[in-house]
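Got your viewer open? Load the model, get your selection tool ready, and we'll walk through it stop by stop.

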Amino acid sequence: MTAYQFFLYFHSGFRYIVMVLVLLAILGALAGWLGKKPYTDGSRKLNLFAMISAHTQFLLGIILYFLSPFVVFAKATMKDATSRYWTVEHIAMMLFAIVLITIGHSKSKKATLPEAKHRSIAVFYILALIVIAVAIIQSQRPFFGMSH
Ligand code: HEM
């Protein structure tokens, strides 16, 4: 197995951990916000782990960016949908999603009322999950399962 294959599998599989943790954080935040529940240590940890998983996926993505044959810096890159996607669009959309998660987490940390803490997680993590899902659909790769 080459380093490229290793990181491709790792990054590809790790998407489920990111998406499941972000989804669980969203469900907890919605329940907490709409149900006016306290912001527990459990909520705090789940929201933190979801953000850490997104940051880890970012690091794996950066490594893959240097190994992938689909990432090419050439004149023809922007004309070819596949190389444009992997060189520009994937990194841009995923980075945007990770920034949204980071902002939501930091706003939640700064807020004092439990309702506001839950709300910023719910709003920002939902937006991020939509961006991630759209980016994966745009990739033309299977939403579930690995491509190679
Ligand atoms: C939440 C963040 C991210 C998610 C959910 C995600 C998800 C994915 C998925 C599903 C694939 C396709 C794997 C396959 O075909 O089996 C992929 C490939 C890839 N991702 Fe990400 N990604 C994320 C962030 C990033 C970031 C930030 C970068 C760059 C810095 C990046 C760079 C790449 C590269 C280079 C590939 C490989 C394309 C190839 O050679 O086939 N990803 N990613």
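Start by selecting Arg84 and Glu89: their side chains meet in a salt bridge, with N and O 3.0 Å apart. Keep in mind as you look that this is a predicted model. Are these two buried or exposed? Neither, quite: Arg84 counts as partly exposed because its relative accessibility is 27%, and Glu89 is also partly exposed, at 25%.

That pair is one of 3 salt bridges in the structure. For the others, hop over to Asp41, Arg44 and Lys45, which are joined into one network by salt bridges that share partners. Select Asp41 and Arg44, and you'll find a salt bridge of 3.0 Å, N to O. Both sit in helix α2, 3 residues apart, which is about one turn of the helix. Now add Lys45: Asp41 forms a salt bridge with this residue too, and here the closest N and O atoms are 3.2 Å apart. Asp41 and Lys45 are 4 residues apart in helix α2, so about one helical turn separates them. Try showing the surface here. Asp41 is partly exposed, with a relative accessible area of 44%, Arg44 is partly exposed at 38%, and Lys45 is partly exposed at 38% as well.

Next, go inside. Which residues have the most contacts within the largest nonpolar core? Select Val22, Ile101, Tyr125 and Ile132 to see them; the whole core has 34 residues. Colour by helix and you can trace who contributes: α1 (3-34), α2 (41-67), α3 (81-110) and α4 (114-138) each give two or more residues to this core.

Zoom in on Tyr125. Leaving aside residues up to four places away in sequence, Tyr125 touches nine you can click through: Val22, Ala25, Ile26, Asn47, Ala50, Met51, Ile101, His105 and Ser120.

Now highlight residues 14-34, 46-67, 87-106 and 118-137, where an unreviewed UniProt entry places the feature "transmembrane region". Residues 14-34 are 100% helix, and their end C-alpha atoms lie 30 Å apart. Residues 46-67 are 100% helix too, with 32 Å between the end C-alpha atoms.

Last stop: the ligand. Of the 23 residues around it, Tyr4, His11, Ser68, His90 and Ser147 come nearest. Check three side chains for N or O atoms facing off with ligand atoms:

- Tyr4: 2.6 Å from a ligand oxygen.
- His11: 2.7 Å from a ligand nitrogen.
- Ser68: 2.4 Å from a ligand oxygen.

Terms used: Residues are numbered from 1 along each chain as its sequence is written. This is a predicted model: local features need pLDDT of at least 70, side-chain atom pairs count only at pLDDT 80 or more; totals for chains, interfaces and linings use all residues. Side-chain values use heavy atoms; hydrogens and water are left out. A nonpolar core is a set of buried Ala, Val, Leu, Ile, Met, Phe, Trp, Tyr and Cys residues joined through side-chain atoms within 4.5 Å. Buried means under 20% relative accessible area, exposed over 50%, partly exposed in between (1.4 Å probe, protein chains only). Contact means heavy atoms within 4.5 Å. UniProt positions are given in the numbering used here, feature names are shortened, and annotations may be inferred rather than shown by experiment. A residue is near a molecule or strand if one of its heavy atoms lies within 4 Å of it. A polar contact is a pair of N or O atoms within 3.5 Å; within protein, one must be able to donate a hydrogen and the other to accept it, and residues adjacent in sequence count only if both atoms are side-chain atoms. A salt bridge is a side-chain nitrogen of Lys or Arg within 4 Å of a carboxyl oxygen of Asp or Glu.
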